[in-house]
Amino acid sequence: QPGAPDVDTMSVALFDCTSAYDTTTAEYSAVVREEAARATRTVYASVFFGENYLACGSSSGSLSVFNLDDVLREQRGSGGGTSSPDPSPRPSLVVPDAHRGAVYSVIAFTLQGSEMLCSAGEDGRSVLWRASDLIAAANAKATRSERTVAVTPAGEFKNPQESKARGALGPVPETTALAVDPTRGTLLSAAGDGVCYGWDLGEGRDAPAMRLRGHNDLLHCVAARVGANQAVTGSEDGTARIHDLRSETCSHVIDVWRAKEGKSGGHGSGAWVGCVALDKAENWAAMGCGSGCITMWSFAAGACASRVPTAAPPQALRLTGQHVMAAGAEPAVYRWNLAGEQISRQPCTPKSVFTLDLQPQRKIHAVGGTSGSVDIFSELGTRVTTLRCL
């Protein structure tokens, strides 16, 4: 009809997806790829360090560092709302390609008076970072678009490869969890080949100083019981083991699913043991079983004290005073007392939670998992903000 818009022009106006972005096709493609990657990104590890910082490791292989003062200031400035499609605070610093593959564990500790971080993951490397280097990079006067910075590691250890026939070498086993014994200067790395390797942080040798063996399948978790020279490991084989670090021998094999019945053996009767945590006094251990329970172990009694059923497999644990904090394959964080009575249930953003960490000075805790999300909760259970890892 006379005066009607041209069909081709109208089609372009209706269906040109790049028009709203005012950018080139290549830049638009990069935006789409990033949105797709963010939707499938998972945060596997988080740790508070310094006084104001949080480091997170994700499936992207990057290390994201947040300045909590900046995060809270940004939230107050926005008044809790914004017109941005993604109002979540972004990292102050991103260390790209910290690992080749997913980052499964990040811990913080003090070594010879200096605060250190260690990250580990799918590539079988345990990489040491100086906290001061990460803080300096995060506080550098850079523009908002220059968050990605290359930070030089302080050192690294790599899991040994298994020797095969005719001189061939097997793959480097991934590192699924880390723990440290600062009094011995030993870094413990739970590996995919069922061995927990002990690395001497003082000497920095390429070969592990110890090997804690006995599990029949890959390891999921490890915790150091520093005061007793012990380590507790959990495995896909359904058992947890208590190892003596001096003799590199196993003193207890715990069938986590049936420990309340006094059962033990080389292979557990339930599903995997995905997480383990000790209390501050190192008198108790909490162990999460994939069959859906948390088992409380008393080191003094050398026996299971209680077993708490869970709605979903637990994947992250913390012992806080007289409470057990746990989360797993559902969007919620639970608290129980040591007797197994549920105290609270906090809904959270991640549909599946893989990491919990506490900041006692600020009285906050971080909850991370799927969709690249990390919720920050106050002591009273109020969600302060939700962070996005890159």
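Here are some worked exercises on a predicted model, covering salt bridges, backbone angles, strands and one helix.

**Exercise 1. Salt bridge inside a helix**

Find the partner of Arg73 in a salt bridge, and say where the two residues sit.

*Solution.*
- Start with the distance: the closest N and O atoms of Arg73 and Asp70 are 2.7 Å apart. A salt bridge needs a Lys or Arg side-chain nitrogen within 4 Å of an Asp or Glu carboxyl oxygen, so this pair makes the cut.
- Next, place the pair. Arg73 and Asp70 both belong to helix α3 (residues 68-78), three residues apart, or about one turn of the helix.
- Now check the exposure. Arg73 has 48% relative accessibility, so it counts as partly exposed. Asp70, at 30%, also counts as partly exposed.
- For context, searching the whole structure turns up ten salt bridges.

**Exercise 2. Two further salt bridges**

Work out how exposed the partners are in the Asp133–Arg130 pair and in the Asp244–Arg246 pair.

*Solution.*
- Keep the cut-offs handy: buried is under 20% relative accessible area, exposed is over 50%, and partly exposed lies in between.
- Asp133 and Arg130 meet through their side chains at 3.6 Å, N to O. Asp133 has 29% relative accessibility, so it is partly exposed. Arg130 has 39%, so it is partly exposed too.
- Asp244 and Arg246 bring their closest N and O atoms to 3.5 Å. Here the partners split: Asp244 is buried at 18%, whereas Arg246 is exposed at 57%.
- Elsewhere, salt bridges with shared partners link Asp123, Arg125 and Glu156 into one network.

**Exercise 3. Positive phi outside glycine**

Locate Asp97 and Glu248, and describe their phi angles and exposure.

*Solution.*
- Take Asp97: its phi is positive, about 50°, although Asp97 is not a glycine. Asp97 is in the loop between β4 (93-95) and β5 (103-111). With a relative accessible area of 65%, Asp97 is exposed.
- Then Glu248: phi is near 60°, again positive in a residue other than glycine. Glu248 is in the loop between β15 (239-244) and β16 (249-255). Its 35% relative accessibility makes Glu248 partly exposed.

**Exercise 4. An open sheet**

Give the strand order of the four-stranded open sheet and identify its edges.

*Solution.*
- Reading across, the order is β21-β22-β23-β24, with antiparallel pairing.
- The edge strands, each pairing on one side only, are β21 (314-320) and β24 (342-347).
- On average, neighbouring strands of this sheet are turned by 20° against each other, ignoring direction.
- Zoom in on one pair: β21 and β22 (residues 323-328) run antiparallel and share six bridges. Pro314 has Gly328 in β22 as its bridge partner.

**Exercise 5. One side of a helix**

Which residues of helix α4 are buried, and how are they arranged around its axis?

*Solution.*
- In α4 (residues 131-138), the buried residues are Ala131, Leu134, Ala137 and Ala138.
- Looking down the axis of α4, these buried residues fall within an arc of 135°, so they line one face of the helix.
- Now ask what covers them. The elements include β1 (43-49), β2 (53-58), β3 (63-67), β4, β6 (114-121) and β7 (125-130).

**Exercise 6. A strand with two partners**

How many residues of strand β14 are buried, and which strands pair with β14?

*Solution.*
- Count first: six of the six residues in β14 (residues 230-235) are buried.
- Sort them by side. In a regular strand, side chains alternate between the two faces of the sheet. In β14, Gln230, Val232 and Gly234 are on one side, with Ala231, Thr233 and Ser235 on the other; both faces are covered.
- Go to the β13 partner. β13 (residues 219-225) and β14 pair antiparallel over six bridges, and Arg225 stands opposite Gln230. Their hairpin has four residues between the strands, where Asn229 takes a positive phi near 55°.
- Finish with β15. Five bridges join β14 and β15, which run antiparallel, and Thr233 stands opposite Arg241. This hairpin has three residues between its strands, and Gly238 in the turn has a positive phi of about 90°.

Methods: Residues numbered from 1 in each chain as written. Predicted model: local features only at pLDDT ≥ 70, side-chain atom pairs only at ≥ 80, totals over all residues. Heavy atoms only, no water. Helix = DSSP H or I, 4+ residues; strand = E, 2+ residues; numbered from the N terminus. Buried < 20%, exposed > 50% of the residue type's maximum accessible area, 1.4 Å probe, protein only. Pairing = 2+ DSSP bridges. Axes fitted to C-alpha atoms, helices over the stretch in contact; angles between N-to-C directions. Arc of directions from axis to C-beta. Contact = heavy atoms within 4.5 Å.
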